[in-house]
Amino acid sequence: MPASLHLLPHAPEELISGRLRRLGEGVGKVVYCSEHWVVKRQRHASDIIALIVIWKVLRRLARILPAHLGEPLLQRPSKPIRLLRVMMRPLVLVIPRSLWLMTHIGELWHVYHSRNVRGEHLARLHLAGTSLVPDHVTFPPVRVKVGGWPGWLTVSEATERVECTLHQRLADLAAAGRFGQLELWLDRFLELRQTGWQRGLFSVDAHLKNFGVTGDRVVLLDPGGLTDHWPEIEQRLSAQAGVAEPHLQLGLGPLLDSRPDIADRFNARWKEIVSRDGVLRHWPEERS
Ligand SMILES: Nc1ncnc2c1ncn2[C@@H]1O[C@H](COP(=O)(O)OP(=O)(O)OP(=O)(O)O)[C@@H](O)[C@H]1O
Ligand SMILES: [Mg+2]
């Protein structure tokens, strides 16, 4: 259904009838949910900059620490990182934004911000109303109550709440020893990416918490990082061509520890599919 048909006369009742729970967060957004819907709060630029500073420090640390201590540091925002961000904020605020923007951190912020804006635009244009993304509705602005600071939020759009992120589903299946199912979801992930390429869209931020699971589908939760610019995609693919074990980059290392056979199969498929030739097989001819 095209996005325009999802213009509601008022917000879904469950969004305004109770306090929304904090469900998840990324670098740029905090996500709150009711039973069937999620709403998103954009983080302030200073919070994103604080997260980038923390991220850079943790990456340095991860390089010098043994892998079992270093890798958990690089998982996306968790409670300790949240605390660090709150502690960093005053420091970020005393340095004027114009100065931050002149540093490497400012450059990273700019790349992150512009990728988000572009991704959201492309998703609205090409993915709204398709089975590749969760359902999305818009409505006149309304104030909703949310857990934690600041306690409320004004929203005018909501997204269908998925069952969990793809990362969570894979972790649950690995913990339950259901590796056949885990491989099936990995296949669905690769299928979804290829469907996106057929529409001339490629994600340069395809980590497993940016995808969700609903019924038997994988959907894209976070359009940040979507691009239709072939030279950029080509550059990204050639930079990744040297990665020996893509499953490690995706955070699948701990999940597939006991099943190196699945890791090997997945890595072989990934390298064949997520490659210049693999993407070109699907890419609309007029766009490359
Ligand atoms: N529709 C949804 N249903 C359920 N959970 C969701 C939904 N959308 C987002 N989430 C949760 O919120 C988290 C953050 O959302 P999102 O990826 O949009 O934020 P972000 O700040 O843009 O992320 P990034 O750090 O990748 O830029 C997701 O990883 C997921 O856990
Ligand atoms: Mg995300």
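**Ligand shell, domains and a helix pair in a predicted model**

The model is predicted. In the shell around ligand 1, strand β1 gives the most, with 3 residues.

Reader: Which elements give two or more residues to the shell around ligand 1, and which residues come nearest?

Author: There are 23 residues around ligand 1, and the nearest are Gly24, Gly26, Val27, Val31 and Asp222. The elements that contribute two or more residues to this shell are β1 (19-25), β2 (29-33) and β5 (152-160).

Reader: How many nonpolar, polar and charged residues does the shell around ligand 1 have?

Author: Each residue of the shell is assigned to a class. The result for the shell around ligand 1 is 7 nonpolar, 8 polar and 8 charged residues.

Reader: Which domains each supply at least three residues to the shell around ligand 1?

Author: The chain is divided into two parts, one spanning residues 1-161 and the other 164-287. The shell around ligand 1 takes at least three residues from each of them, namely domain 1 and domain 2.

Reader: How far apart do the C-alpha centres of domain 1 and domain 2 lie, and which helix gives the largest share of the side of domain 1 that touches domain 2?

Author: The separation between the C-alpha centres of domain 1 and domain 2 is 21 Å. Their contact involves 17 residues of domain 1 and 22 residues of domain 2. On the side of domain 1 that touches domain 2, the largest share is 8 residues, and these come from helix α6 (residues 104-126).

Reader: How many residues of each class are on the side of domain 1 that touches domain 2?

Author: The side of domain 1 that touches domain 2 can be sorted in the manner of the ligand shell. Its residues divide into 5 nonpolar, 7 polar and 5 charged.

Reader: Are helices α8 and α11 roughly parallel or roughly antiparallel?

Author: The axes of α8 (residues 179-198) and α11 (residues 260-273) come within 12 Å and cross at roughly 10°. An angle under 35 degrees counts as roughly parallel. The two helices, α8 and α11, are therefore roughly parallel.

Reader: Which residues of α11 meet α8?

Author: From α8, the participants are Phe179, Glu183, Leu186, Leu190 and Gln194. By class, the contact of α8 with α11 has 6 nonpolar, 1 polar and 2 charged residues. On the α11 side, the residues are Ile262, Phe266, Arg269 and Ile273.

Reader: What radius of gyration does the chain have, and why does this value agree with a compact globule?

Author: The chain has 288 residues, and a compact globule with that number would have a radius of gyration near 19 Å. The value for the chain agrees with this, because it is 20 Å.

How values were computed: Residues are numbered from 1 along each chain as its sequence is written. Chains are lettered from A and ligands numbered from 1 in the order in which they are written. This is a predicted model: local features need pLDDT of at least 70, side-chain atom pairs count only at pLDDT 80 or more; totals for chains, interfaces and linings use all residues. Axes are lines fitted to C-alpha atoms, for helices over the stretch in contact, and angles run from 0 to 180 degrees between N-to-C directions. Helices (H or I, at least four residues) and strands (E, at least two) are DSSP runs, numbered from the N terminus. Angles under 35 degrees count as roughly parallel, over 145 as roughly antiparallel, 65 to 115 as roughly perpendicular and the rest as oblique. Two residues are in contact if their C-beta atoms, placed from the backbone, lie within 7 Å. Ala, Val, Leu, Ile, Met, Phe, Trp, Tyr, Cys and Pro count as nonpolar, Asp, Glu, Lys and Arg as charged, and the others, Gly among them, as polar. A residue is near a molecule or strand if its C-beta atom, placed from the backbone, lies within 6 Å of it. Domain bounds come from an automatic or database domain assignment. The radius of gyration is taken over C-alpha atoms; the globule rule is 2.2 Å times the number of residues to the power 0.38.
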